[in-house]
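Dear colleague,

I am handing over the structure we spoke about, together with an account of what was found in it. Please read the notes below with the coordinates open beside them.

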Amino acid sequence: MGRLRARGRGWLSVGIILSILLSSGLLPYTVTPASEPLRALESSLASTPWPMFRHDLQHTGRSPYIGSPVPILKWVNVAGYYNALPPFSSSPTLGPDGTIYVGVTTPAQLVAVRPDGGTKWAFDISAGVYADVRSSAAVAADGTIYIGAQIDRASGMLYAINPDGTYKWGFWVPAWVRSSPSISADGSVYFGAGDGKLYALNPSGTLRWEFAAGGAISSSPAVGSDGTIYFGDARGVLYALSPDGSQRWSYPIGASITGSPAIGSDGTIYIGANDNYLYAIKSDGTLRWRFVTVSSIYSSPALASDGTIYIPSSTFLYALICSLPRRHAALEGKYRIRGALQPANGGGRWHHLSRQRGQRPLRPQS
């Protein structure tokens with residue numbers, strides 16, 4: 001099990017991404033919420049600007065707050081013992097009091113950072129050589145922090161951690177857990193694992209149900225307004241499950257899915273795959289359209305309030321607009337990314353783009 005590391009600022013960091021999160025305007029909070037209707041569905045999530053991976057249960061990746069147009073560095077907090085490489089593959093999330101939670105790989109920990117950049121506490125996941133944290137935390141309305149991890153060579157754990165950094169409970173699975181958990185309106189916690197199963201847990205940590213997919217699941221489940229759960233697997237199948245764990249439908253893409261689906265306001269599910277395509281799937285499981293990029297898509301799409309779809313491939317960030325009646329997508333612009341998605345030698349970059357920064361639109365393929 002994990003243990004709580006003593007408080008203090010004797011850390012050397014949790015990386016520049018946390019400082020950018022602050023300098024971009026999320027803390028202190030600025031205004032203009034655009035996605036307030038999502039709150040009713042997410043009553044079990046903490047009421048914060050960013051309580052989970054991709055912001056909300058639909059995984060829109062859309063913040064209701066306006067960030068700074070320039071990345072002014074406020075602070076750097078270094079988590080981990082090694083400075084040569086970024087020690088995290090996890091994305092930060094925010095608690096109700098402004099605490100920033102991020103998973104750290106070296107060593108495997110969940111670290112809580114105060115808004116001023118100081119380390120609040122660090123929960124040790126495992127000291128094993130195979131321990132790894134690639135999951136992002138989700139913060140529940142009661143303050144519980146959920147995060148997945150690989151704890152040894154052949155098994156993983158979904159952890160529930162109290163707001164003070166103490167252990168609440170853990171659910172063991174016989175494979176790694178890289179999927180970021182989602183918390184449904186009734187408090188159920190959904191996550192996938194390397195054994196090809198999607199798990200649903202009760203808030204107490206007991207198993208509610210499990211669903212066996214065809215391949216390993218690193219995709220994080222998205223939840224629709226009707227409670228339908230969407231996720232992809234390594235064999236290239238997009239699944240839709242009912243809240244009771246029964247399958248509603250599946251769509252065979254045929255290429256590995258590592259990213260997570262995003263759900264549009266009309267119920268369309270957007271998902272990228274390693275065959276270079278972004279897919280738009282109707283809520284009944286049929287194809288609406290697909291858009292080809294120049295390289296594999298490992299990441300997840302983001303949905304703007306104006307309907308623009310942003311999707312990063314391994315080389316470009318694309319901006320797409322849907323033509324009515326949304327039977328195809330047109331390329332609005334693209335921006336070359338060097339090092340941001342797959343940093344070499346730790347050389348990641350922060351990209352802050354305006355709508356005008358994309359390259360000249362190319363002819364769309366659908």
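In which sense do β8 and strand β9 (residues 155-161) pair, and over how many bridges? The two strands pair in the antiparallel sense, and the pairing runs over 7 bridges. Before going further I should say that this is a predicted model, and what follows should be read with that in mind.

The overall picture

The chain has 366 residues, of which 55% count as buried, and its secondary structure comes to 1 helix and 26 strands. Among contacts between residues at least 6 apart in sequence, 47% join residues at least 24 apart. The chain exposes about 15,400 Å², and carbon and sulfur atoms supply 53% of that area.

The strands around β8

β8 is mostly covered, since 7 of its 8 residues are buried. On one side of the sequence, β8 forms a hairpin with β9 that has 2 residues between the strands, and within this pairing A149 stands opposite M157 in β9. β8 also pairs with β7, again in the antiparallel sense, although here over 2 bridges, with V139 standing opposite I145 in β8. The hairpin of β7 and β8 has 5 residues between the strands, and in it G143 takes a positive phi near 95 degrees.

V139 appears again in the surroundings of T93, a residue that lies in strand β3 (residues 93-94). Not counting residues up to four places away in sequence, T93 touches W50, P51, M52, F53, T99, I100, Y101, A137 and V139. One of these, A137, also offers a polar approach, in that its backbone oxygen lies 3.4 Å from a polar atom of the side chain of T93. T93 counts as buried because its relative accessibility is 1%, where the cut-off for buried is under 20%.

The sheet from β19 to β22

A second region worth your attention is an open sheet of 4 strands, in the order β19-β20-β21-β22, with antiparallel pairing. Its edge strands are β19 (262-263) and β22 (287-292), each of which pairs on one side only. Strand β21 (residues 277-281) and β22 pair in the antiparallel sense over 5 bridges, and L278 stands opposite F291 in β22.

Within this sheet, I269 lies in strand β20 (residues 269-272). Is I269 buried or exposed? I269 is buried, because its relative accessible area is 0%. Leaving aside its neighbours within four places in sequence, I269 is in contact with Y230, L238, W249, P261, A262, Y279, A280, I281, K282 and S283. For K282, which is 13 residues from I269 along the chain, the separation of the two C-alpha atoms is 6.3 Å.

Salt bridges

How many salt bridges does the structure hold? The structure holds 7, and I describe three of them here.

In one, D142 forms a salt bridge with K168, the closest N and O atoms being 3.6 Å apart. This pair links distant parts of the chain, with D142 in the loop between β7 (138-139) and β8 (145-152) and K168 in strand β10 (residues 167-173), 26 residues apart. D142 counts as exposed because its relative accessibility is 52%, whereas K168, at 34% relative accessibility, counts as partly exposed.

In another, R208 forms a salt bridge with D186, and the closest N and O atoms are 2.9 Å apart. This pair, too, links distant parts of the chain: R208 is in strand β14 (residues 207-212), and D186 is in the loop between β11 (182-183) and β12 (189-192), 22 residues apart. R208 is partly exposed, with a relative accessible area of 36%, and D186 is partly exposed as well, with a relative accessible area of 48%.

The remaining pair I describe is D116 and R114, which form a salt bridge whose closest N and O atoms are 3.4 Å apart. D116 is partly exposed, with a relative accessible area of 46%, and R114 is likewise partly exposed, with a relative accessible area of 28%.

With best regards

Conventions: Residues are numbered from 1 along each chain as its sequence is written. This is a predicted model: local features need pLDDT of at least 70, side-chain atom pairs count only at pLDDT 80 or more; totals for chains, interfaces and linings use all residues. Side-chain values use heavy atoms; hydrogens and water are left out. Buried means under 20% relative accessible area, exposed over 50%, partly exposed in between (1.4 Å probe, protein chains only). A polar contact is a pair of N or O atoms within 3.5 Å; within protein, one must be able to donate a hydrogen and the other to accept it, and residues adjacent in sequence count only if both atoms are side-chain atoms. Contact means heavy atoms within 4.5 Å. Two strands pair if DSSP finds at least two bridges between them. A salt bridge is a side-chain nitrogen of Lys or Arg within 4 Å of a carboxyl oxygen of Asp or Glu. Accessible areas come from the Shrake-Rupley method with a 1.4 Å probe; for residues, only the protein chains shown count as cover.
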